[in-house]
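Trainee: Could we take a close look at a single part of this protein together? I would like one connected walk through it.

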Amino acid sequence: SVIELKETRPRTNTLRVKPAASILNDSLIPLQSPRNLSLPSDSSAIAIKELRPLTLIEVLTLAENNSPNLQASSLQVDQAKYLLKAALSKWYPTINLSANGLPQYLAGNQYSNTTSLVRPTKNTQTKQWSASFNATAQWNLIDPSRVPAIALARDTFEKNRDTYLITLRELRLLASTQYFSLQRADEGVRIGKQSVKASLTSLKNARSRYKAGVASKMEVLEAEAQLSRDKQILNRSLSEQSFARRSLAALLNLPYHVTPLAASPPSILGIW
């Protein structure tokens, strides 16, 4: 058989993957993604009006809740599940009910004005419900295409389910990586500011020593060159920080006017 030749198919352990977040707490509700296919109408709609500090847990929650790719993959899993149930229903009989017209209700009254001493007549009243229904049952005991159709539906469902799990894990990894990149950019800005501050102090000392006649002009020029290099590094770090913030905002699918900040300081998560 096929199983003997190719062995059983590997199965995905869905219990080892934490389910995606589907509910936002009250503090994160304003950060829900914009409506699908909604585009800003003017430049004021995309102006940055809010800087929102976020922790890593909040970033993962927003990424799982706002990601359109993850939502599309989840819908594909649901669709494949319903198609699999429809394919499995071929093993069971089907019953078709049909009705000829709508149910009818007939009511009538009969009055008589004649009288008889032997048998007096009485008024009569009739009520009648009428309906016509047909029921047919069908059960295909022999259907060569049933087993392959069910196998195809099951394979499609498992494929979409595994694709969803892969998409979820990749989303979590990408969100964590971009958050760490933002933390690194923040540290680069902090170090750059400290370097510029130290260079300003060194330049001030070099100029004071030059005026006092205990230092040469070369030391002043070297201090000025070092200050220029530190300012250049700071500007590059600020550019990387801005890029990291907007990249994270795009991944989280945040509203256009919100820019995320790293609320958690860098820390060691593990050693490999």
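How many residues does α4 have, and how far does α4 reach from its first C-alpha to its last?

Mentor: Happy to help! This is a predicted model, where local features need pLDDT of at least 70, side-chain atom pairs count only at pLDDT 80 or more, and totals for chains, interfaces and linings use all residues. Residues are numbered from 1 along each chain as its sequence is written, and side-chain values use heavy atoms, with hydrogens and water left out.

Helix α4 (helices are DSSP runs of H or I, at least four residues, numbered from the N terminus) has 67 residues and reaches 98 Å from its first C-alpha to its last. That is close to the 99 Å expected at 1.5 Å a residue, where the expected span is 1.5 Å times one less than the number of residues. After α4 comes G213, with a positive phi near 85°.

Now look at R172, which lies in α4. R172 is buried, with a relative accessible area of 17%; buried means under 20% relative accessible area (1.4 Å probe, protein chains only). A polar atom of the R172 side chain lies 2.5 Å from the backbone oxygen of K18. Leaving aside residues up to four places away in sequence, R172 touches V17, K18, P19, A20, L60 and E64, where contact means heavy atoms within 4.5 Å.

Finally, the largest nonpolar core has 32 residues. Such a core is a set of buried Ala, Val, Leu, Ile, Met, Phe, Trp, Tyr and Cys residues joined through side-chain atoms within 4.5 Å. α4 gives the most to this core, with 11 residues.

Key
Helices (H or I, at least four residues) and strands (E, at least two) are DSSP runs, numbered from the N terminus. Buried means under 20% relative accessible area, exposed over 50%, partly exposed in between (1.4 Å probe, protein chains only). A polar contact is a pair of N or O atoms within 3.5 Å; within protein, one must be able to donate a hydrogen and the other to accept it, and residues adjacent in sequence count only if both atoms are side-chain atoms.
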